[in-house]
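Visitor: Could you walk me through this structure and explain how the words used for it are justified?
Guide: Happily! Here it is.
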Amino acid sequence: MGMTKLHGLAILVTAGITGAIWYHYPFSPARAQEHKASTGEDSVLKIDLDETSLMLPWRRDVLVLTPWLAPIVWEGTFSRDILDAQYLQKNLLTGVVTFAVENYVQFIEGFMSSANKYFLAGHPVNFYLFTDSPEKIPHLQMAPENHLFVIAVQDDPRWQDISRSRMDILSSYIQRQFQHEVDYLYCMDIDVQLLAHIGVEIIDALVATISSWQVTPQQDKASETHPESQSAIPEGQGDFHYTASFYGGSVAEVYKLSRACSAGLVEDRENGIEGPWHHESHLNRYLLQHRPTRLLSPEYYWDTELSSSSIQVKRMCPVHLHSQRQAPPTKSVRPLFFTV
């Protein structure tokens, strides 16, 4: 009897783990039905997802599954060849949004050349570049399957105001244009360089990237958000700290995220509140209330000022120039690594 109970328990545990991983793969029918029911916007996401999971927890030195059973993507946890083949069958189109205003125009050529080479290589990508200086954009050689769209925007007197306006601009353009042109949309900072392939393993309904500062604790660098801010996270209630330098998902989910963050930023401004991390603070609050369906490990945005033996591939890194980068707040977050 004892062996029978143990055998039954083993079967249940195995089935639970397999089911959780399968369910949280973006091409699974269960994910498609949930996403369709949650968005209520059939015209926005035009995909009938019917594949099974290929995400496997091959890494034992890092956390590969969140407490809410969302996968965390690391090198060694997916087969890109198989994922590429499935992605091609779906005839999907992914978009990238980035902003280059004022002095950040200088990063356009470096960002675009590296993104054109490494971001979803071999798959069509629409790059949407918002800038206040369209005339300064250099000639860029794009891959045949990629397209660059330059969208003129007005600059703001302070970079904080530019940060605030991003979410409003993003939600407006999703509603009027992007939802009719792409299936998935990812937002990236312009002052970054892609150093290795970022493929379709990032595709899911709502995707966030874990901050690299979280895995290398820094003393005396945590910042508290104003307790009356719409972005405030009570002590002890955080999951991970997510960077605003790389996030995205389905067009429908990114629209809801950007609209909610924009509303929070407007309300804070009306109340005279300016959080230390601006739209990144509001992004983290939203992702606490609407947890991501897929997390990208710090490999996907690794700060070169840091080091960690767990980072096997540095896929994207910020470009540091004259300013000293400060670590984001690290309080109220879960530990990322565990030992076995």
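Guide: Let's start with a word: buried means under 20% relative accessible area, and exposed means over 50%. In this predicted model, buried residues make up 55% of the 340 residues in the chain.

Visitor: Why is Asn 116 called buried?
Guide: The relative accessible area of Asn 116 is 15%. The cut-off for buried is under 20%, so Asn 116 counts as buried.

Visitor: And what makes Ser 258 buried?
Guide: Ser 258 has a relative accessibility of 0%. Since buried means under 20%, Ser 258 therefore belongs in that class.

Visitor: Where do these two residues sit?
Guide: Asn 116 is part of helix 4, residues 108-118, while Ser 258 belongs to helix 6, residues 251-270. The chain has 7 helices and 10 strands.

Visitor: How do you know that the side chains of Asn 116 and Asn 146 make a polar contact?
Guide: A polar contact needs a pair of N or O atoms within 3.5 Å, one able to donate a hydrogen and the other to accept it. The two side chains are joined at 3.0 Å, so the distance fits the limit of 3.5 Å. The side chain of Asn 116 also has a polar atom 3.4 Å from the backbone oxygen of Gln 141.

Visitor: Which residues does Ser 258 touch, leaving out those up to four places away in sequence?
Guide: Ser 258 touches Met 167, Leu 170, Ser 171 and Ile 174. Touching here means heavy atoms within 4.5 Å. Take Ser 171: it is 87 residues from Ser 258 in sequence, yet their C-alpha atoms are 5.4 Å apart.

Visitor: What makes strand 1 and strand 4 edge strands?
Guide: First, the sheet itself: 8 strands form an open sheet with mixed pairing, in the order 1-9-7-8-5-2-3-4. Strand 1 (72-73) and strand 4 (147-152) each pair on one side only, and they are the edge strands.

Visitor: How do you know that strand 7 and strand 9 pair?
Guide: Pairing takes at least two bridges. Strand 7 (residues 206-210) and strand 9 (residues 294-296) are joined by 3 bridges and run parallel, so the pair meets the requirement of at least two. Within it, Ala 208 of the chain stands opposite Leu 295 in strand 9.

Visitor: Which strands does helix 4 lie across?
Guide: Helix 4 lies across strand 2 (94-100), strand 3 (125-131), strand 4 and strand 5 (184-188). Helix 4 runs at about 170° to strand 3.

Definitions and conventions: Residues are numbered from 1 along each chain as its sequence is written. This is a predicted model: local features need pLDDT of at least 70, side-chain atom pairs count only at pLDDT 80 or more; totals for chains, interfaces and linings use all residues. Side-chain values use heavy atoms; hydrogens and water are left out. Helices (H or I, at least four residues) and strands (E, at least two) are DSSP runs, numbered from the N terminus. Buried means under 20% relative accessible area, exposed over 50%, partly exposed in between (1.4 Å probe, protein chains only). Axes are lines fitted to C-alpha atoms, for helices over the stretch in contact, and angles run from 0 to 180 degrees between N-to-C directions.
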